[in-house]
Amino acid sequence: MTSHSKTYENVNLEFNKAADLIDLDPGVRKILSKPMNEVTVNFPAIMDNGEVEMFTAYRVQHNNFLGPFKGGLRFHPMVDINEVRSLATWMTWKTAIANIPFGGAKGGIQFDPTCCSPDEIQRITRRFTYALGCTIGPDFDIPAPDVNTNAQIMAWILDTYVSMLPPHERQRSYHVVTGKPVDLGGSVGREKATGQGVVFLIERWAKDTGLDLSQSTFIVQGYGNVGSWAARLLGAHGAKLIAVEDSTGAIINPKGLNPETLCAYVDETKGVIDCPDTSEIDHETFLSTKADIFIPAALENQITAETAPLLNVKLVAEGANGPTDLEGNRILHEKGISVLPDILCNAGGVIVSYFEWLQNKRSEFWDLEEVDAKLHKIITNAYERVANEAKSLAVDWRTAAYVIALSRLQNVYMGRGIFP
Ligand code: NAD
């Protein structure tokens with residue numbers, strides 16, 4: 001079984017566990033257990049050497065009962081249908097927990113962008129957008145950045161998508177993607193939003209548990225958008241970053257790393273390895289590093305039956321999607337390690353994407369203060385709902401988060417009924 005089919009199996013196990021707990025309506029259970037639409041496209045792109053290469057990509061639209069499909073787009077050689085299904089399903093739960101009017105979707109192109117030139121990445125992105133056609137749309141399915149995609153990629157998708165529309169429809173379709181550059185209709189605060197949401201929740205958890213963040217230590221896995229923003233924002237509280245791992249390896253400095261300096265280093269060298277004033281450590285040593293907080297912000301299935309016993313932290317704040325599998329979650333619970341689950345903890349990105357979408361629809365521009373204040377309110381309200389549900393059902397926070405999402409979706413399905 002490939003790791004991604006195992007990931008999708010875990011998604012369904014988590015779903016069924018929560019569905020059993022609330023005795024979810026059998027019809028609603030059947031509906032939510034499968035994505036609504038799954039699109040696979042194979043498309044050509046011309047490489048810099050003049051040769052044609054074929055690419056395979058996916059867009060999975062899990063559910064749109066609460067609003068348009070919404071979810072990121074990933075460029076990675078390991079992308080497959082089961083990974084995209086998993087990520088799309090988590091988006092449905094995430095938007096339901098945050099209480100924003102979106103459904104869940106996700107997309108991915110199976111290729112390694114680190115082996116391609118910027119021009120090749122642009123041509124692949126544009127051909128993919130063309131291949132998707134009206135599978136996406138500003139009020140139907142709205143992509144955003146994810147692993148190895150960023151504001152520039154969103155700008156190319158926007159430009160390609162609107163260029164395919166009749167002229168009179170172009171100006172009012174800019175909200176076909178979120179996470180755009182600010183000059184092109186993006187929202188201030190969107191780039192840091194996922195990391196900002198993670199840190200708002202860590203602040204809240206620290207307040208509830210009496211941890212003084214200015215005296216705390218933390219480790220981060222993944223130093224891209226989510227990991228580096230979370231590190232910089234947590235570092236601003238005086239918390240000490242002592243170890244970091246990314247796809248190039250793991251580094252440590254028990255006296256503390258400067259998150260801003262590390263960010264500049266990664267921008268230049270494309271990885272954390274060999275950063276000055278650090279020692280290289282192996283994966284197991286990284287995971288065993290004693291700290292108050294661990295922020296996984298890379299890929300799925302990092303905290304498992306094998307690795308969860310190594311962790312020596314008080315809190316796991318899941319910036320990544322699906323970093324912990326079912327066994328890993330059980331072990332963390334047994335060890336008394338608190339978990340801010342992904343579908344709550346990394347919702348800051350989709351929440352500020354919602355703000356960007358609203359600003360585009362209303363031709364408004366909000367300032368950073370307004371964006372941050374609204375994000376803080378929505379994500380801490382979600383935190384309180386999950387904390388209360390976990391307490392009243394005496395379950396772990398991930399199960400509580402699922403219960404909230406499924407209950408909200410069940411209410412809507414029961415209210416609307418099933419057509420015809
Ligand atoms: P990114 O491409 O900016 O960064 C990914 C990071 O993960 C890089 O530092 C990379 O080196 C590291 N990485 C990759 N493989 C690794 C491995 N095997 N071991 C250790 N590190 C590894 O991506 P991102 O946007 O920061 O996304 C990171 C995670 O956060 C993903 O799970 C993504 O789905 C999730 N997420 C992202 C957003 C967003 O707004 N970008 C929102 C919600 C959730």
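## Close-ups of a predicted model

**View A. Strands S10 and S11 sit side by side in this predicted model.** Here S10 covers residues 293–296 and S11 covers residues 315–317. The two strands run parallel, with two bridges joining them. To find your way around, pick out Phe294: its bridge partner in S11 is Val316.

**View B. Zooming out from S10 and S11 brings up an open sheet of seven strands.** Reading across, the order is S9-S8-S7-S6-S10-S11-S12, and the pairing is mixed. Which strands stand at the edges? Those are S9 (279–281) and S12 (338–340). Each has a single partner strand, so one side of each is left without a neighbour in the sheet. On average, neighbouring strands of this sheet are turned by 20° against each other, ignoring direction.

**View C. Strands S1 and S2 make a hairpin.** S1 takes in residues 37–46 and S2 residues 52–63; they run antiparallel and are joined by ten bridges. Two pairs are handy for checking the register: Glu38 stands opposite Val60 in S2, and Phe43 stands opposite Phe55 in S2. Five residues lie between the strands, and if you're scanning backbone torsions, look at Gly50 in the turn, which has a positive phi of about 90°.

**View D. The S1–S2 hairpin belongs to an open sheet of five strands.** This sheet has mixed pairing and the order S1-S2-S4-S3-S5. S1 and S5 (141–145) are its edge strands, each pairing on one side only. Neighbouring strands here are turned by 20° against each other on average, again with direction ignored.

**View E. The ligand lies between two domains.** Why there? Domain 1 (23–176) and domain 2 (193–345) both give residues to the shell around the ligand, so the ligand ends up between them. The shell holds 22 residues, and the closest are Asp146, Asn148, Thr194, Ala298 and Asn321. Sorted by class, that's eight nonpolar, ten polar and four charged residues.

**View F. Oxygen atoms of the ligand meet polar atoms of Arg74, Asn225 and Ala298.** For Arg74, a polar side-chain atom lies 2.9 Å from a ligand oxygen. Asn225 uses its backbone instead: an N or O atom there is 2.9 Å from an oxygen atom of the ligand. Ala298 also comes in through a polar backbone atom, at 2.8 Å from a ligand oxygen. How much of the ligand does the protein bury? Taken alone, the ligand exposes 840 Å², and 85% of that is buried by the protein.

Terms used. Residues are numbered from 1 along each chain as its sequence is written. This is a predicted model: local features need pLDDT of at least 70, side-chain atom pairs count only at pLDDT 80 or more; totals for chains, interfaces and linings use all residues. Side-chain values use heavy atoms; hydrogens and water are left out. A residue is near a molecule or strand if one of its heavy atoms lies within 4 Å of it. A polar contact is a pair of N or O atoms within 3.5 Å; within protein, one must be able to donate a hydrogen and the other to accept it, and residues adjacent in sequence count only if both atoms are side-chain atoms. Accessible areas come from the Shrake-Rupley method with a 1.4 Å probe; for residues, only the protein chains shown count as cover. Ala, Val, Leu, Ile, Met, Phe, Trp, Tyr, Cys and Pro count as nonpolar, Asp, Glu, Lys and Arg as charged, and the others, Gly among them, as polar. Domain bounds come from an automatic or database domain assignment. Two strands pair if DSSP finds at least two bridges between them. Helices (H or I, at least four residues) and strands (E, at least two) are DSSP runs, numbered from the N terminus. Axes are lines fitted to C-alpha atoms, for helices over the stretch in contact, and angles run from 0 to 180 degrees between N-to-C directions.
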